[in-house]
Amino acid sequence: KRLLPLMAGVVLLLSACGRADLSTLNPQGAVAQEQFNLMKLSFIIMLLVVIVVFAIAIYVLVRFRRRPGDNKIPVQVEGNHKLEIIWTVIPLILLVILGVPTIQSVFALSQDYSKDPKAVVVNVTSHQYWWEFEYPGLGVKTAQELVVPIGTKIAVEAKSADVLHSFWIPALAGKIDTNPGGNVNRMYFETPAKEGIFLGKCAELCGPSHSLMDFKVKVVDQASFDNWVAAMKAPAVLPEDPAIAQKFQSQCLSCHAVGDMGGPAFPNLTGIGDRETVGGILVNTENPKYQNEGSTYDNLYRWIKDPQAVKPGNQMPKIDLTEQELAGISKYLAEYKLNYESETLANND
Ligand code: CUA
């Protein structure tokens, strides 16, 4: 009886994993599919074992239960070679069925994609609490949203700038730890054949805002990707209002970068208006997908006004800005779009 609430809890927890863009059970691309196939195989074997073991256990409990008036000690059995061989050989066979494809997949999935000239290499660096994506072959650096073309092999080289984090895109690939101290971990995955946005998570407890350390993987068609790379390399666009531009340069660009300007240490803001979220978690209300009547750049404003209230423990200081400067900078960032996307992705939910 005590097990019932526990089981109900597990079912509830599992049902919360239903977001398709955040589910290992919704594999996208060849690598995720292969990992999912292994999960299916081990699940089926486990299910068979559970059914057989429970059936035998229940049968024995019922068939050999103590009956009223039966006070004899049952026949005592010690050792049975035939049975021992059976219950050793069956698990051995199951382990071979599970082990052979697992080892095959481990080798297949550890193929170094970075040697493939058509693959996109991405250096992933984790920070408390954001993600940096650098494309060494393309000379582009961005943050929070990993933009990649459809049907492409992606070679990830992951490291951390501070503490241990873990890079995980459930629908696209298994996770990998990001280590501080120059120890690079590698992971490979393939993007699906159609456009989509997939949610990524930090999967290693890394501080007070660990659970808020989200990112997105935006899979776009090749033409959009090429547009994006070109737009990322274009010269910076600054706020039109000279006073706001001056404030933005002196206050924001000492850490952040836009286009060819600014410091490289903190999240690159080029094209931030295109992003799905602000700070990785707040909906970017300026994004056409989320635009509601009357709401413009309010989450950007909220973030800049008090970053610690949104993501406790992050490195962004509260900057001394007037209401007008705050509104001006939020508006500028919200409108800083690269307009690289094709129609299909913009309409894709
Ligand atoms: Cu970074 Cu958890």
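## A walk from a helix pair to the domains

Start by selecting α6 and α8 in this predicted model: Leu-300, Tyr-301, Ile-304 and Lys-305 of α6 are in contact with Leu-326, Ala-327, Ile-329, Ser-330, Leu-333 and Ala-334 of α8. Try colouring that set by residue class, and you'll get eight nonpolar residues, one polar and one charged.

Now show the two helices whole, residues 298-305 for α6 and 323-334 for α8. Their axes come within 9 Å and cross at roughly 125 degrees. Angles from 65 to 115 degrees would count as roughly perpendicular and those over 145 as roughly antiparallel, so this pair falls in the oblique class. Which hand does the crossing of α6 and α8 have? Right-handed.

Next, jump to residues 42-62. The UniProt entry, which is unreviewed, annotates this stretch as a transmembrane region. Switch to cartoon and you'll see 100% helix and 0% strand across residues 42-62. Put a distance on the end C-alpha atoms of that span and you should read 30 Å.

The same UniProt annotation also covers residues 83-103, so select those too. How much of the 83-103 span is helix, and how much strand? Here it's 100% helix and 0% strand, with the end C-alpha atoms 30 Å apart.

Last stop: zoom out and colour by domain. Domain 1 takes in 21-66 plus 77-109, while domain 2 runs over 242-347. Drop a marker on the C-alpha centre of each domain, and the two markers will sit 50 Å apart.

Key
Residues numbered from 1 in each chain as written. Predicted model: local features only at pLDDT ≥ 70, side-chain atom pairs only at ≥ 80, totals over all residues. UniProt positions renumbered as here; feature names shortened; annotations may be inferred. Helix = DSSP H or I, 4+ residues; strand = E, 2+ residues; numbered from the N terminus. Axes fitted to C-alpha atoms, helices over the stretch in contact; angles between N-to-C directions. Parallel < 35°, antiparallel > 145°, perpendicular 65-115°, else oblique. Left-handed = near helix turned anticlockwise from the far one by under 90°. Contact = placed C-beta atoms within 7 Å. Nonpolar A, V, L, I, M, F, W, Y, C, P; charged D, E, K, R; others polar. Domains from an automatic or database assignment.
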